[in-house]
Amino acid sequence: MNVAIVQYNAGNVQSVLFALKRLGVEGILTDKPEILQTADRVIFPGVGEASSAMNYLQNRGLDKVIRSLTQPVLGICLGLQLLCKHSEEGNTECLGIFDLKVKKFPTDRGSKVPHVGWNSIENLRSELFSNVVSGSYVYYVHSYYAEIGSATIAQTEYILPFSAALQHKNFYAVQFHPEKSSNIGEQILKNFLQKS
Amino acid sequence: MHTKRIIPCLDIKDGRTVKGVNFVNLIDAGNPVELAQKYAQAGADELVFLDINATIENRSTLISLVKEIASVLNIPFTVGGGIGSKSDVYALLQAGADKISINSAAVRNPNLIDELSQEFGSQCIVVAIDTKSIASTHYVHTHGGRKATNVPTLSWAKEVFQRGAGEILLTSMDADGTKQGFDLPITAQVAESVAIPVIASGGAGSKNDFLNVFREGKADAALAASVFHFGEILIGELKNFLSQNNVSVRKSDTNIKP
């Protein structure tokens, strides 16, 4: 199994590499188009800011490379948001794989933003969640969310219901951090790696 | 449903876990990597590692310890202690820490909070505040609680929120080590005056103390050390107790189908 992780200016990829290693897979961190295109799986992680991340990807042509991928791809956190059409963060046009907008959580409803901590995932409808039951807890850290649409394969409620996970063709994405979500996260990563 | 978090804290000195009473009288509490794994399996939601003897000489020891922890741990963790610059933060995040916690350096130079949150994102910047009541007003203390400042805790909490901190780790030095319960009034005051999560710390002695800090203290998370290290409170039992009392918590991973 050859898993490439998109290298760009968003952090903490180390924990994704460690999580793969715990599953017995050595990930390759790279921004080389040919390695990304030929990998069995591509993970597009990210903790960072949307507009500067998009600028970075565009300046290196990685936006086109990511859009053209045909193997299973998994966006994580900011990765999910960048795979959507548009983000309110820096008013940024994103990669447009998912026809959805990314919005900032409203801060006027008495709940704290960022959404930090463990929350449950419901309405699971994808093989990405094989052997994971609805109501399982996963770890979140984010201030922006993707709205719910036809690509939504799991949802979570915090202030309002939002897309916990998305899927369109070979593109999968999760707003939470599977690499930090204990055994549930490991199961989800395993499902992504084992997907035929 | 969003849950309250239970966070064991591991005080680190020269690569070992230690625990003291009121910041002094340290005793050895075990190997941090083994403890970290044990806590993750027991259902801890997150871990905090505080390097209580942070010096330049042992910084590299800490970095390699962080790498070791990150490679085995499948839940988030925060590292704090003696962090004073962007390069410190960069090195710890690169090593695999999810968040870093700053304390004295932020009091000395509040702009550091702005700089770090802009550079690395608010989500990974925790500002730790050590507070102690002097003549019925809470003041910020620094240097592991040894130095008093004239900064009122409440105004400092508001300022660190406005400067971009992602979370506040509030330790009551009056309560710390006493096992008589968290300092509920100051915790509630801080939690209600900022729109970021507040982690309450100091004073945990019983399961009821945790219930109180979530209900009356309005905390988003509760941190403790010795009651967990010495097995006086088991995390699974604590979570069952909280859940029975209508506090939303993440129950341990029973959700994977066999």
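Student: Which side chain of chain A meets Asp220(B) in a salt bridge?

Tutor: The model is predicted, and its chains B and A have a count of two salt bridges between them. In the one that involves Asp220(B), N and O are 3.2 Å apart. The partner side chain is that of Lys112(A).

Student: Where in chain B is Asp220(B) found, and is Asp220(B) buried or exposed?

Tutor: Asp220(B) is found in the loop between helix H8 (207–215) and strand S12 (221–224) of chain B. The relative accessible area of Asp220(B) is 15%. Buried means under 20%, so Asp220(B) is buried.

Student: Which backbone nitrogen does the side chain of Asp220(B) reach?

Tutor: Leaving aside neighbours within four places in sequence, Asp220(B) is in contact with residues including Lys4(B), Arg5(B), Ile196(B) and Phe214(B). Val198(B) is also among these contacts. At 2.8 Å, the side chain of Asp220(B) reaches the backbone nitrogen of Val198(B).

Student: How much area do chain B and chain A bury between them?

Tutor: The size of an interface is often given as the accessible area lost when the parts come together. Here the contact takes 40 residues from chain B and 33 residues from chain A. Carbon and sulfur atoms hold 53% of the buried area. The area buried between the two chains is about 2900 Å².

Student: Which helix gives the most to the side of chain B that touches chain A?

Tutor: Between chain B and chain A, 17 residue pairs are in polar contact, both residues being at pLDDT 80 or more. H2 and helix H3 (86–95) of chain B each supply at least two residues of the side that touches chain A. With four residues, the helix that gives the most to that side is H2(B).

Student: Which helix gives the most to the largest nonpolar core?

Tutor: The largest nonpolar core has 77 residues, and those touching the most other members include Leu47(B), Phe77(B), Ile102(B) and Phe228(B). The helix that gives the most to this core supplies six residues. That helix spans residues 56–72 of chain B and is H2.

Student: How many residues are in the second, separate core?

Tutor: This core includes Val3(A), Val113(A), Ile153(A) and Tyr158(A). The second core is separate, and its count is 36 residues.

Student: Which salt-bridge partner of Glu167(B) lies in strand S1 of chain B?

Tutor: The structure holds 17 salt bridges over all chains, and in one of them the closest N and O atoms of Glu167(B) and its partner are 2.9 Å apart. Glu167(B) lies in strand S10 (residues 167–172) and the partner in strand S1, so the pair ties together parts that are 162 residues apart in sequence. The partner counts as buried, at 1% relative accessibility. The residue is Arg5(B).

Student: Which residues are linked with Arg5(B) in a network of salt bridges?

Tutor: Glu167(B) also forms a salt bridge with Lys99(B), the closest N and O atoms being 2.5 Å apart. Lys99(B) lies in strand S6 (residues 99–102), so this pair ties together parts that are 68 residues apart in sequence. Both Glu167(B) and Lys99(B) are buried. The residues linked with Arg5(B) in the network are Glu46(B), Lys99(B) and Glu167(B).

Student: Is Arg163(B) buried or partly exposed?

Tutor: The side chain of Arg163(B) meets that of Asp114(B) in a salt bridge, at 2.8 Å from N to O. Asp114(B) lies in helix H5 (residues 111–120) and Arg163(B) in the loop between helix H6 (153–162) and S10, so the pair ties together parts that are 49 residues apart in sequence. With a relative accessible area of 22%, Arg163(B) is partly exposed.

Student: At which residues does UniProt place the feature "active site"?

Tutor: The record is an unreviewed entry. One of the two residues lies in strand S1 (residues 5–13) of chain B and touches Arg16(B), Thr17(B) and Leu50(B), among others. The other is found in strand S7 (residues 125–134) of chain B. UniProt places the feature at Asp11(B) and Asp130(B).

Student: Which side chain does a polar contact join to that of Asp130(B)?

Tutor: Asp130(B) is buried, with a relative accessible area of 7%. Its side chain takes part in a polar contact of 3.2 Å. The other side chain is that of Asn103(B).

Note on methods:
Residues numbered from 1 in each chain as written. Chains lettered and ligands numbered in written order. Predicted model: local features only at pLDDT ≥ 70, side-chain atom pairs only at ≥ 80, totals over all residues. Heavy atoms only, no water. UniProt positions renumbered as here; feature names shortened; annotations may be inferred. Contact = heavy atoms within 4.5 Å. Buried < 20%, exposed > 50% of the residue type's maximum accessible area, 1.4 Å probe, protein only. Polar contact = N/O pair within 3.5 Å; in protein donor to acceptor, adjacent residues only side chain to side chain. Core = buried A, V, L, I, M, F, W, Y, C linked by side-chain atoms within 4.5 Å. Buried area = accessible area lost by both parts, 1.4 Å probe. Salt bridge = Lys/Arg side-chain N within 4 Å of Asp/Glu carboxyl O.
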